[in-house]
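User: I would like a close look at a single part of this structure and at how that part relates to its surroundings. Please give one connected account.

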Amino acid sequence: MNRSEKAEAIAELNQIFQDASLMVVTRQSGLTVQEVTDLRRKVRAAGATYKVAKNRLTLRALEGTPFKGLGPLFKGPTAIAYSKDPVAAAKVISAFAKDNEKLTIVGGGLGAETLDVAGVQALATLPSLDALRGKIIGLLQAPATKIAGVLQAPAGQVARVFSAYGAKDEAKAA
């Protein structure tokens, strides 16, 4: 890799780190090509990306990004998983690491916050951004339907009272 290729790789990684909201640093040793392919497929399906990058280039690319505190984690055979969704990458990597001991989570970052392994695991247990949005919409819609029901109830009662009086008057007239 010559200097211009390195500079291009650093710029590309820097842009990735600027755009991502979550980054998970993993250590992989002994993963087969099939296992890595399977991991990448799962990560991609969750809307995240898994990338193996040279530590030196990654350390240079971290400068000026919210993830600059992750520098000490890049020792040995490392890879990164990143996503704009604050939990997507953590969920997939955590699930894969649980099933495969060749991949271990070293740490991560959520914005400027540096996470240890327990922090990444805790993040992986949270519902996804779409699930949270669905819950919020459900909570917002529930009071509206209750209000509509309460407002309709008196009108229905008034109609029943008028109907009862009407039936009573008809019975007297007959």
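Analyst: The account below follows strand E4 and the sheet around it, and then turns to a helix that the strand helps to cover. The model is a predicted one.

Strand E4 spans residues 103-110. Is this strand enclosed or open to its surroundings? Six of its eight residues are buried, so E4 is largely enclosed by the rest of the structure.

The setting of E4 is an open sheet of five strands, paired antiparallel in the order E2-E3-E1-E4-E5. In that order, E4 stands between E1 and E5. The edges of the sheet belong to E2 and to strand E5 (113-115); each has a single partner strand, so one side of each is left without a neighbour in the sheet. On average, and with direction ignored, neighbouring strands here are turned by 20° against each other.

On one side, E4 pairs with strand E1 (residues 22-28); the two run antiparallel and are joined by seven bridges. Two of the residue pairs can be named. Arg27 has Thr104 of E4 as its bridge partner, while Met23 is matched in E4 by Gly109.

On the other side, three bridges join E4 to E5, and these strands also run antiparallel. Here Leu110 stands opposite Glu113 in E5. The two strands form a hairpin with two residues between them. Gly111 lies in the turn, and its phi is positive, at about 65°.

A helix also packs on this sheet: H5 (residues 117-124) touches E1, E4 and E5. The direction of H5 makes about 80° with that of E4.

The surroundings of E4 also include helix H2. Helix H2 (residues 33-45) has 13 residues, and the distance from its first C-alpha to its last is 18 Å, close to the 18 Å expected at 1.5 Å a residue. Val36, Leu39 and Val43 of H2 are buried. These three cover an arc of only 60° around the axis, which puts them on the same side of H2. The general geometry of helices fits this arrangement: an α-helix has 3.6 residues a turn, so residues three or four places apart point the same way. What covers the buried residues of H2 includes E4, together with strand E2 (49-51) and helix H4 (88-99). On the other side of H2, the residues Val33, Gln34, Arg44 and Ala45 are exposed. Gly47 follows the helix and has a positive phi, near 85°.

One further contact region completes the account. The structure holds one aromatic pair. The rings of Phe17 and Phe67 have their centres 6.5 Å apart and their planes at 75°, so the pair is edge-to-face. Phe17 belongs to helix H1 (residues 3-19), whereas Phe67 lies in the loop between helix H3 (55-62) and strand E3 (78-83); the pair thus links parts of the chain that are 50 residues apart. Both phenylalanines, Phe17 and Phe67, are buried. Thr65 is placed in that H3 to E3 loop as well. Thr65 is buried, with a relative accessible area of 4%. Leaving aside residues up to four places away in sequence, Thr65 touches Asn14, Phe17 and Gln18.

Notes
Residues are numbered from 1 along each chain as its sequence is written. This is a predicted model: local features need pLDDT of at least 70, side-chain atom pairs count only at pLDDT 80 or more; totals for chains, interfaces and linings use all residues. Side-chain values use heavy atoms; hydrogens and water are left out. Rings of Phe, Tyr and Trp (its six-membered ring) pair if their centres lie within 6.5 Å; planes under 30 degrees apart count as stacked, over 60 as edge-to-face and the rest as tilted. Helices (H or I, at least four residues) and strands (E, at least two) are DSSP runs, numbered from the N terminus. Buried means under 20% relative accessible area, exposed over 50%, partly exposed in between (1.4 Å probe, protein chains only). The expected span of a helix is 1.5 Å times one less than its number of residues. The arc is that of the directions from the helix axis to the C-beta atoms. Contact means heavy atoms within 4.5 Å. Two strands pair if DSSP finds at least two bridges between them. Axes are lines fitted to C-alpha atoms, for helices over the stretch in contact, and angles run from 0 to 180 degrees between N-to-C directions.
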